[in-house]
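Here is a short briefing for a reader new to this structure. Keep the model open and follow the topics one by one.

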Amino acid sequence: MELRKKLCIAVGVLVLVMELGSCKFVFKVQHKFAGKEKKLAHFKSHDTRRHSRMLASLDLPLGGDSRVDSVGLYFTKIKLGSPPKEYHVQVDTGSDILWVNCSPCPKCPTKTNLGFRLSLYDMNASNTSKKVGCEDDFCSFIAQYETCQPATGCSYHIVYADQSTSDGSFIRDSLTLDQVTGDLQTGPLGQQVVFGCGSDQSGQLRNSESAVDGVMGFGQSNTSVLSQLAATGDAKRVFSHCLDNVKGGGIFAVGVVDSPTVKTTPMVPNQMHYNVMLRGMDVDGAPLFLPPSIVRNGGTIVDSGTTLAYFPKALYESLIETITARQPVKLHIVEDTFQCFSFTKDPDQAFPPVNFDFEDSLKLTVYPHDYLFTLEKDMYCFGWQAGGLKTEESSEVILLGDMVLSNKLVVYDLENEVIGWADHNCSSSIKVKDGSGGVYSVGADNLSSAPPLLMIGKLLTILSTLVTLAFTSLA
C-alpha cells in the first residue's frame, strides 16, 4: 500500500461558542413526603437514589487505536432517539459538540473499514426528536445565531483543518448512555441533549475509508454533551480515558476516578483547548531548551483528537538530535516530514524516554514504544512532528496527541480545572465513584474488529505538511 495512505493523520477541531446565560424558572413544588409518615430511612433512601441520578458515572465503550499503521482514531458507541438506535462516533477533546450524519444525506459516507455499519440519524423515526428553532436558547450560543432562518431552524457549519466541512441543523432528542450500576455493570441513562444533524459533508468526511457516524466533542464549552449532562445533574464535568495502542480500544468514562490515584496539574484558565503549563523537557535527563512563550503562556495543549505530537521547529530539531545522539541511526525523510530509520533491535531497550515536567511537579514520561511507530518490518518513524503551531498572538504551541497519551489514564476534571494522568494498563479496569458514594469498576472495551495492520488512516485525515497552515489561527 502507498506510504501516503499509511501516513495520514488528523487533528481536533474547534467550534467557537459563547458562554451559557443564566436562566430563572418558577415551578410549583410539593415535598415528596408531604402528608406521609416521615422516617429517616425514607429520606436516606430518597437521597441515595437522587445522588446516584445526580452524579452518575458513565461507561463509554471504546474502539480504535492511535497507531499510524492501523486505525488511528478512537471511537465510541452511543444511542440516539426513541426507540434508541446505535451510532459510532469519534471521541474528541478538541471539539465542543456532538454531531452525526443525518438522513437524507447524499454526500455522507456509506461504508467504513472499522468493522461496523454506518447509520444515518432520521429525526422522523424518533418519537422524541425536535428541531432547535432560532428562538431556542441553545441557538444563541453558536456563531450561526445571527443568520438563523426560522424556516430551517438553528444550523451549524464546521470547517476542519483539511478543509472538509460538515453542515446541518441542531436537533434535540434523547441520548442513551451506559450508566455504571455496579462492578463492570451498566444500565441505560437517557437524557435530552442538543446535537448536530449533519446533512451535507465534503472532503474526507465524505470519502474517508475510516469513516464513522459523527464526532462527539468533549471540549470545555457548555455546548458539549458533558456540560449538557452536568447542567441537568446527570453527571459531573469529569471524564477520563485510557487509550490502548497495543490491543486497541481501552477505557472512556465520565465520573470521578477513585483509583488508580492520579496526580494533577492546573488547566490554564480561559482557554478553548485543554492547555497546561509545561515547565521543562528532557531526554533521559538531558534538558531541552523550551521557547519562553511556551513556558510563559501555557502553550501546551492536550488533545485526544490529534494522533501525533507537534513542537516548534527548533524544539523538534533539538529533540530528534538529542534522541539520536543516545542511539545513532541513519535518518531519512518519508512524505517530506516523517523522520524514519531502519532498526532490527528492541527500540525500548535502545532509545531513551522523553520526560515532560508540568506545573505542580506532574511528570509525563513518553517511552520509545509511545513515540516510535513501525511503518513496515524493521522500519520505524518518530511520532514527533515540527508543527509550527501558533496562536493568534503568534505564540508557539506544543500539541500532545494520542500517541503520547496512550497507555496512561488521563483525567480531565473540569470541576476543579485540573488535568492529570498515571501510567496504567489500559486493557484492565479503573474504579469510579457514583453520587451515592459507591465505587465501581469500569473495564476496558475494544469495539474494533478490523485487522490490526489494516492501513485505513484517520477520520478527517490530512497530510502533516498541511498542519502548519491549519493551525496558524489556533486560539
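Asp-336 sits in the loop between strand S19 and strand S20 (338–342). The model is predicted. Asp-336 has a positive phi of about 70°, although Asp-336 is not a glycine. The points below start there and then move to the chain as a whole, the cis bonds, the salt bridges and one buried loop residue.

**Positive phi**

- Most residues other than glycine have a negative phi.
- Asp-336 departs from that pattern, with phi at about 70°.
- Asp-336 counts as exposed, because its relative accessible area is 69%, and the cut-off for exposed is over 50%.
- Asp-360 also has a positive phi, near 65°, and is a residue other than glycine.
- Look for Asp-360 in the loop between strand S21 (354–358) and strand S22 (362–366).
- Asp-360 has a relative accessible area of 48%, so it is partly exposed.

**The chain as a whole**

- The protein chain holds 10 helices and 30 strands.
- Its length is 475 residues, and 56% of them count as buried.
- Take the contacts with a separation of 6 or more: residues 24 or more positions apart account for 71% of them.
- About 20700 Å² of the protein chain is exposed, and carbon and sulfur atoms supply 51% of that area.

**Cis peptide bonds**

- Most peptide bonds are trans.
- The bond from Ser-82 to Pro-83 is cis, with omega near 0°.
- Pro-83 belongs to the loop between strand S2 (74–80) and strand S3 (85–92).
- The bond from Ser-103 to Pro-104 is cis too, with omega near -5°.
- Pro-104 is in the loop between strand S4 (98–101) and strand S5 (130–131).

**Salt bridges**

- How many salt bridges are there? The count comes to six.
- One of the pairs is Asp-136 with Arg-172, whose closest N and O atoms are 2.9 Å apart.
- That pair links distant parts of the chain: Asp-136 is in the loop between S5 and strand S6 (155–159), Arg-172 is in strand S7 (residues 165–182), and 36 residues separate them.
- Asp-136 is buried because its relative accessibility is 19%, and buried means under 20%.
- Arg-172 is at 25%, so it counts as partly exposed.
- Another pair is Glu-359 with Arg-279, with the closest N and O atoms 3.6 Å apart.
- This second link also joins distant parts of the chain: Glu-359 lies in the loop between S21 and S22, Arg-279 lies in strand S15 (residues 278–283), and they are 80 residues apart.
- Glu-359 is partly exposed at 26% relative accessibility, and Arg-279 is partly exposed at 44%.
- Asp-284 pairs with Arg-326, and here the closest N and O atoms are 3.3 Å apart.
- Asp-284 is in the loop between S15 and strand S16 (286–288), while Arg-326 is in helix H6, 42 residues away along the chain.
- Both ends are partly exposed: Asp-284 at 41% and Arg-326 at 40%.

**A buried loop residue**

- Gln-327 is in the loop between helix H6 (313–326) and strand S19 (332–334).
- Is Gln-327 buried or exposed? Gln-327 counts as buried, because its relative accessibility is 17%.
- Which residues does Gln-327 contact, leaving aside its neighbours within four places in sequence? They are Phe-343, Ala-350 and Phe-351.

How values were computed. Residues are numbered from 1 along each chain as its sequence is written. This is a predicted model: local features need pLDDT of at least 70, side-chain atom pairs count only at pLDDT 80 or more; totals for chains, interfaces and linings use all residues. Side-chain values use heavy atoms; hydrogens and water are left out. Helices (H or I, at least four residues) and strands (E, at least two) are DSSP runs, numbered from the N terminus. Buried means under 20% relative accessible area, exposed over 50%, partly exposed in between (1.4 Å probe, protein chains only). Contact means heavy atoms within 4.5 Å. Accessible areas come from the Shrake-Rupley method with a 1.4 Å probe; for residues, only the protein chains shown count as cover. A salt bridge is a side-chain nitrogen of Lys or Arg within 4 Å of a carboxyl oxygen of Asp or Glu.
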